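Here is a briefing on a protein model with a bound ligand. The surroundings of the ligand come first, then one loop residue.

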Amino acid sequence: MSRESSPQSGEAPPLTAEAVSPLRAWIEVDLEAVRRNAARVAQHTGLPMIPMVKGDAYALGVLPIVRVLEAVAPYAYGVAVPDEGEELRAAGIDRPIILYTPCLPDELGRARSARLIPSLSSAEQITAWVALGGGPWHLVIDTGMHREGIAWDAVDMLREVLQTHAPAAVYTHFHSADADAESIARQEARFAQAVAMLPTRPTLVYADNSPAMARRTTSPYGATRPGAFLYGLSGGPHAVIHPDPVVHVRARILELRWIEAGETVSYGATWTARRRTRVATIAIGHADGWRRALSNWSDGLVHGQPIPLIGTVTMDMTMADVTEVEAAVGDVVTVVGTDGDRTLTLDAVATRAGLSPYELLNGLRSRLPHRYRGGAR
Ligand SMILES: *Cc1c(COP(=O)(O)O)cnc(C)c1O
């Protein structure tokens, strides 16, 4: 929702929808916090960074995010699909852009035209890429994620093609970098074995996603590939560095009512008043990505004070118990992020409700407009 105006001389600029009525609900994205998080990663690792900006930068809006990440001079950007790479090229981004999902055969030509760097792992793909005129590409090794890449113990099968067409880099992906160190060690041993089987060692050998990067004090690799950390998600229980919060989800109170003890709130009557209760109706629901699984699990903040969110989350509205606080129609309730000196982190909100923080963040893309704070915009 950009504010586009072409005022003719002498005329007041046209009223935007926002000037006429305030936003009901929105996502505030703190671009300065993204910049600080990226600088923290760079300082902590001392390595070139490939920020992952796939999925519209985890639903935060890829172009504002990329503009602010330019401040740390990334080595490259990581995307998932050709569309995302083409979008960055159309916006004038000239850095290397790496595709981190396998290409369908017909997509290699598009990758070539947009100067994208594909992740390849079969002789067939590699020769097809070379036949198209090629360009740099990365070899991806499957060390246990079993999602993409050549199996670590099958790299020898590529020996012939790799002797004539060497990859610019080789990488793998950890499946449980936020959990036990043992699974990381197992995958690293397999990765080392695969790298040793290559005819020549590529100049760039890399692996770390956010949780792997955040738990290390020194890295055996040549670059990092963080996504979540940049956008304010914790690197997990073993992290030694922590991000600043980036995302603040806010929604206004639409209506207020008193209900008597014994009355219930919302679909399925999953919440019952134990006393006379002041109920606020808030302008956010699962059509905004405020997931139904959060029903009766989460708090909100109003004027810096916590309020329990009560009853089943509906498509467009969620209710809160505001008996103990000052609350009026139009007041802003924060359901993720900071209000006053309290913060509801995405991690805490998601995990209390049994959701993945990644999934909660990525789901906030449907109806909520973004408002950007800080950064060069
Ligand atoms: C998404 C992704 C990342 C980034 O993971 P985070 O946990 O968000 O840091 C890194 N590498 C690959 C291959 C990915 O698909």
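The side chain of Tyr358 places an N or O atom 2.5 Å from an oxygen atom of the ligand. The protein covers 93% of the 380 Å² of accessible area that the ligand has on its own. This is a predicted model.

**Polar contacts to the ligand**
- Gly227 uses its backbone: an N or O atom there lies 2.8 Å from a ligand oxygen atom.
- Arg147 uses its side chain, with an N or O atom 3.3 Å from an oxygen atom of the ligand.

**The shell around the ligand**
- The ligand has 13 residues around it.
- Those that come nearest are Lys54, Tyr58, Ser210, Arg225 and Tyr358.
- Sorted by class, the shell holds six nonpolar, four polar and three charged residues.
- Two helices, H3 (54-59) and H10 (210-215), each supply at least two residues of this shell.
- The ligand takes up the space of the largest pocket.

**Asp244 and its contacts**
- Asp244 lies in a loop, which runs between H10 and strand S10 (247-259).
- What does the side chain of Asp244 make a polar contact with? The partner is the side chain of Arg36, at 2.7 Å.
- Arg36 is also among the residues in contact with Asp244 once neighbours within four places in sequence are left aside.
- The others in that set are Ala33, Asn37, Arg40 and Gly232.

Terms used: Residues numbered from 1 in each chain as written. Predicted model: local features only at pLDDT ≥ 70, side-chain atom pairs only at ≥ 80, totals over all residues. Heavy atoms only, no water. Near = heavy atom within 4 Å. Polar contact = N/O pair within 3.5 Å; in protein donor to acceptor, adjacent residues only side chain to side chain. Areas by Shrake-Rupley, 256 points an atom, 1.4 Å probe, with all protein chains shown as cover. 1 Å grid on protein atoms, 1.4 Å probe; cavity = no way out; pocket = protein on both sides within 12 Å on 5 of 7 lines; lining within 4 Å. Sits in = over half its atoms within 2 Å of the grid points. Helix = DSSP H or I, 4+ residues; strand = E, 2+ residues; numbered from the N terminus. Nonpolar A, V, L, I, M, F, W, Y, C, P; charged D, E, K, R; others polar. Contact = heavy atoms within 4.5 Å.
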